[in-house]
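Work through the exercises below with the structure open. Each task is followed by a solution in steps.

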Amino acid sequence: MRLPLLVNADHPLPEGFEPALLAPALPGSEALLEPDCAAALLALVRAVGGEGSILAVSGYRPRCEQLALWEDTLKARGEDFTRKYVALPGCSEHETGLAVDLALDTGGKIDLIRPYFPYDGVCGEFRSRAAECGFIERYQSGKEAVTGIAAEPWHFRYVGAEHALAIVSRGLTLEEYVELLTTRRSL
Ligand SMILES: [Zn+2]
């Protein structure tokens, strides 16, 4: 089984990295994702009856866009906030096309940096079935020291069902899981 791609401040993507193919994150969405990730997201949203209420706010971002987001956030919200919630350019999972930020459509304005995606209702249902469709909640509360990013209840990463179920059943971050897989031959 191939290791999931690990991207963080210590594991930047190679310069010029871009996904080979991209597809709309959800039908009608402007956000794009790697096609397997997009198909899994649609299946999951449909499985929980979330069509129309679960929105894909952000998917693939080229590095230039991540850089612009970093600089804009720095200007608007300051360095502490930016370091907590925006990955460094070159070090964002959004540059892989395998990560998506989701929002519950409440009819109001969507916070693009910290979208509202609660733990109950259709979003709770989404969370409870995410791993079987290959997604993990990537930046959890209590794991900030490991991931280097503040808790982000809206950010989901596609790793495939086998990895996702193994990660969730063990309560690990992707960092801890990849470490475990690379230091032990099998789980
Ligand atoms: Zn995100």
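**Exercise 1.** In this predicted model, find the residue of β6 that stands opposite Val100.

Solution. Val100 has Phe156 of β6 standing opposite. Next, place this pair in its strands: β4 is joined to β6 (residues 152-158) by 3 bridges, and the pairing is antiparallel.

**Exercise 2.** Which residues of β4 are the bridge partners of Ile54, Ala56 and Ser58?

Solution. Start with the strands: β3 and β4 (residues 99-104) are antiparallel and share 4 bridges. Then take the residues in turn. Ile54 is bridged to Leu104, Ala56 to Leu102, and Ser58 to Asp101.

**Exercise 3.** Give the strand order of the open sheet, and explain why β3 and β5 each have one side without a neighbour in the sheet.

Solution. The sheet has 4 strands, in the order β3-β4-β6-β5, and its pairing is antiparallel. Strands β3 (54-58) and β5 (135-139) are at the edges; each has a single partner strand, so one side of each lacks a neighbour in the sheet. From one strand to the next, the twist averages 45°. As background, the strands of a sheet are paired by backbone hydrogen bonds.

**Exercise 4.** How many residues of β3 are buried, and how many of β4?

Solution. A residue counts as buried if 20 or more other C-beta atoms lie within 10 Å of its own. By this cut-off, 5 of the 5 residues of β3 are buried, so β3 is largely enclosed by the rest of the structure. For β4 the count is 5 of the 6 residues, so β4 is also largely enclosed by the rest of the structure.

Key:
Residues are numbered from 1 along each chain as its sequence is written. This is a predicted model: local features need pLDDT of at least 70, side-chain atom pairs count only at pLDDT 80 or more; totals for chains, interfaces and linings use all residues. Two strands pair if DSSP finds at least two bridges between them. Helices (H or I, at least four residues) and strands (E, at least two) are DSSP runs, numbered from the N terminus. Axes are lines fitted to C-alpha atoms, for helices over the stretch in contact, and angles run from 0 to 180 degrees between N-to-C directions. A residue is buried if 20 or more other C-beta atoms lie within 10 Å of its own, exposed if 12 or fewer, and partly exposed in between; C-beta atoms are placed from the backbone.
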